[in-house]
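Student: Could you take me through one part of this structure slowly? I would like to start from a single residue and see what surrounds it.

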Amino acid sequence: MFIQIAPRVKVFATDEQVKFILQHSTHPFRSSQLPPDEVQMAKTLADKAIFVRKKLDNDVQYALNKSIRFVRDGNKK
């Protein structure tokens, strides 16, 4: 599935990533609250600009980027 992060800018997200996004879209969360495999997924989605990162003193807080939009059609290149 494609996610539009800006006009003319789309990124591809797998079904597992979309499930993770929908699960954590309602409230901000910290990396210490996640299992180790989901921490890596949160980092990857933050690199794709789907989540925004806030670095704290000894942790990282993630929140959903409010300007994203799910796009069902598109060509994966």
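Tutor: Happy to! Let's start with Q17 and its surroundings. If we skip the neighbours within four places in sequence, Q17 is in contact with F12, M41, T44, L45 and K48. Do keep in mind as we go that this is a predicted model.

Where does Q17 sit? Its place is in helix α1, which covers residues 15–23. Is Q17 buried or exposed? Q17 has a relative accessible area of 11%, and buried means under 20%, so Q17 counts as buried. Not every residue is a contact, of course: P35 is 18 residues from Q17 in sequence, and their C-alpha atoms are 15 Å apart in space.

One of the contacts of Q17, L45, leads us on to the largest nonpolar core. That core has 19 residues, and L45 is among those with the most contacts inside it, along with I3, F20, I21, F29, I50 and F51. Which elements supply this core with at least two residues each? They are β1, α1, α2 and β5, the last being residues 60–64. Of these, α2 gives the most, with five residues. As a background idea, nonpolar side chains in soluble globular proteins tend to be buried together.

Now pick I3 from that core. Not counting residues up to four places away in sequence, I3 touches V9, K10, V11, A13, I21, I50, I68, R69 and F70. Some of those partners bring us to the strands. Three strands form an open sheet in the order β2-β1-β6, with antiparallel pairing. Because β2 and β6 stand at the edges with a single partner strand each, one side of each is left without a neighbour in the sheet. On average, neighbouring strands here are turned by 40° against each other, direction ignored. β1 and β6 pair over three bridges, and F2 has V71 in β6 as its bridge partner.

Let's finish with two loop residues. P7 is found in the loop between β1 (2–6) and β2 (9–12), and at 70% relative accessibility P7 counts as exposed. S31 lies in the loop between β3 (29–30) and α2 (36–47), yet S31 counts as buried, because its relative accessibility is 16%. Leaving aside neighbours within four places in sequence, S31 is in contact with V39, D59, V60 and Y62. So a loop residue can be exposed, like P7, or buried, like S31.

Methods: Residues numbered from 1 in each chain as written. Predicted model: local features only at pLDDT ≥ 70, side-chain atom pairs only at ≥ 80, totals over all residues. Heavy atoms only, no water. Helix = DSSP H or I, 4+ residues; strand = E, 2+ residues; numbered from the N terminus. Buried < 20%, exposed > 50% of the residue type's maximum accessible area, 1.4 Å probe, protein only. Contact = heavy atoms within 4.5 Å. Core = buried A, V, L, I, M, F, W, Y, C linked by side-chain atoms within 4.5 Å. Pairing = 2+ DSSP bridges. Axes fitted to C-alpha atoms, helices over the stretch in contact; angles between N-to-C directions.
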